Amino acid sequence: IITVSTVPGTPLPAYGHGDWNDSLQPADPQLAARLASTWTATLKVQALRALAASLRTVSSQLEAQNAVDATVFADQSERMAGETAEATHTLLMRDGVLAGYGLFADDGSIEHLVHPSDQRTGLKYGLLQIIHAISGDLLSPAEAREHLDTIGKHLLGPDGARLFDRPAQYHGGPMEVFQRAEASTFFGREIGIMYTHAHLRYAEALARHGDAEKLLEALALANPIGVTERIPNARPRQSTCYYSSSDATFADRYEAAEHYGEVMDGTVPLEGGWRVYSSGPGLFLRLVVECLLGVRRRGNVLEIDPVLAPALDGLQATVPLDGIPVDLTFKVGPRGVGPVGVALDGVPLAMTSLSNPYRPPGVAIDMELVTAGMKASGQNHLEIRLS
């Protein structure tokens with residue numbers, strides 16, 4: 001299925017009925033077959049690489065059971081991932097900027113949508129293709145920095161990162177490119193383009209890149225407690241709920257299109273969208289624990305990979321590990337990333353380096369060493385020193 005559901009002549013997945021953004025379902029059947037989403041291509045690369053690693057982990061067990069040769073499928077997965085990653089660079093990046101989509105014509109030409117060269121949709125910059133390419137290690141360090149600068153210049157509003165640099169065009173009639181984006185009269189969630197899920201994925205990309213100050217700011221913007229103090233034009237809202245979006249208070253989409261610049265200027269009031277929305281609170285909590293504090297259980301290893309602003313030196317937190325509370329203390333250096341020492345109750349733990357193309361990486365610790373030193377009751381103190 002993976003190999004046949006591609007845009008003809010490329011390893012890029014065909015758009016089909018759309019990607020995660022429900023507002024961008026194709027209006028023309030030709031788009032379904034000829035359009036490729038950069039974000040979906042990135043997910044394909046990540047999924048295939050994860051599959052390859054998993055197959056290599058269990059290959060010996062499968063061979064012992066006279067099952068399939070997992071290494072063959074692992075090799076195939078890695079090859080497809082590499083081909084897709086290369087095509088993302090060569091076909092979906094133009095003038096150094098990742099496009100949201102590539103529309104492939106029969107003559108081999110490519111029309112890049114949601115890109116500065118886009119003459120069809122009116123959208124010049126998009127968030128998803130950038131943040132997922134960074135989180136998936138598909139960009140070079142220089143490319144990642146340039147694309148994060150693009151987000152800061154064109155997509156970052158007072159309330160967080162936005163899906164596009166402006167809302168999709170509203171026709172109020174026949175749809176031309178994207179169905180719901182061009183027909184929906186409601187201005188909020190994906191249509192209003194400040195979608196909190198996507199903003200949190202932006203925070204995840206910041207963590208991968210190692211932008212500690214901006215990571216803390218991004219997480220704070222998604223926290224409803226005190227949001228009216230951090231965002232002056234945010235209207236009062238319930239402080240105990242996660243919100244799906246930050247919705248500018250326009251009367252209709254015509255007004256939104258005409259005055260959208262005022263949203264970025266911070267002069268239009270902002271209301272919280274749907275409350276307690278989907279998996280959002282869980283996603284937020286995971287980012288705090290696994291990206292900000294950097295504590296991740298992965299199989300038989302414990303990964304330690306915090307991204308903390310230097311001002312958080314001395315930060316203390318408690319997280320559960322295998323059902324046992326562990327007290328964390330962080331000694332934060334000027335970089336705020338790259339552990340140089342981890343000790344459990346004063347005993348240093350042996351570490352092996354993880355990989356990260358953008359910054360000093362986190363470390364992995366054999367879980368057996370951790371569990372051997374942990375006490376089922378009483379204090380378990382983990383001290384983490386960062387460069």
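Two strands count as paired if DSSP finds at least two bridges between them. Helices (H or I, at least four residues) and strands (E, at least two) are DSSP runs, numbered from the N terminus. Now the background: residues are numbered from 1 along each chain as its sequence is written. This is a predicted model, where local features need pLDDT of at least 70, side-chain atom pairs count only at pLDDT 80 or more, and totals for chains, interfaces and linings use all residues, while side-chain values use heavy atoms, with hydrogens and water left out.

**Exercise 1. Work out the neighbours of strand 4.**

Step 1: start with strand 5 (residues 110–113), which pairs with strand 4 in the antiparallel sense over four bridges. Which residue in strand 5 is the bridge partner of leucine 103? Look across and you land on glutamate 111.

Step 2: check the turn. The hairpin of strand 4 and strand 5 has five residues between the strands, and glycine 108 takes a positive phi near 95° there.

Step 3: go to strand 1 (residues 35–37), joined to strand 4 by three bridges and running antiparallel to it. Here alanine 36 stands opposite glycine 102.

Step 4: sort the side chains. Tyr101 and Leu103 point one way from strand 4, Gly102 and Phe104 the other way, and all are buried (under 20% relative accessible area; exposed is over 50%, partly exposed in between, with a 1.4 Å probe and protein chains only).

**Exercise 2. Follow tyrosine 101 to its aromatic partners.**

Step 1: set the rule. Rings of Phe, Tyr and Trp (its six-membered ring) pair if their centres lie within 6.5 Å; planes under 30 degrees apart count as stacked, over 60 as edge-to-face and the rest as tilted. The whole structure gives four aromatic pairs.

Step 2: classify one. Tyrosine 15 and tyrosine 101 have ring centres 5.3 Å apart and planes at 80°, so they make an edge-to-face pair. This pair links distant parts of the chain, 86 residues apart: tyrosine 15 sits in the segment before helix 1 (29–34), tyrosine 101 in strand 4. Both tyrosine 15 and tyrosine 101 are buried.

Step 3: try another. With ring centres 5.2 Å apart and planes at 70°, tyrosine 170 and tyrosine 254 are edge-to-face, too. Tyrosine 170 is in the loop between strand 7 (160–161) and helix 6 (179–183), and tyrosine 254 is in helix 11 (residues 253–259), 84 residues apart.

Step 4: look for a cluster. Tyr15, Tyr101 and Phe178 form one.

**Exercise 3. Read the two faces of strand 18.**

Step 1: place the strand. An open sheet of five strands, with mixed pairing, has the order 12-13-18-14-15. Its edge strands are strand 12 (316–321) and strand 15 (347–348), each pairing on one side only.

Step 2: find the directions. Strand 13 (residues 324–331) runs parallel to strand 18 (residues 381–386), joined by five bridges, whereas strand 14 (residues 339–344) pairs with strand 18 in the antiparallel sense, over five bridges.

Step 3: name some bridge partners. Aspartate 327 goes with histidine 381, threonine 329 with glutamate 383, and glycine 341 with arginine 385.

Step 4: split the faces. In a regular strand the side chains alternate between the two faces of the sheet. Here Leu382, Ile384 and Leu386 point to one face and are buried, while His381, Glu383 and Arg385 point to the other and are not.

**Exercise 4. Describe the largest pocket.**

Step 1: get the terms straight. On a 1 Å grid over the protein atoms alone, a cavity is a set of points where a 1.4 Å probe fits but cannot get out, and a pocket is an open set with protein on both sides within 12 Å along at least five of seven lines; lining residues have an atom within 4 Å of a point.

Step 2: find the middle. Of the 25 lining residues, Ser135, Arg208, Arg296, Arg298 and Glu303 are the closest to the centre of the largest pocket.

Step 3: ask which helix gives the most to the lining. The winner is helix 2, with five residues.
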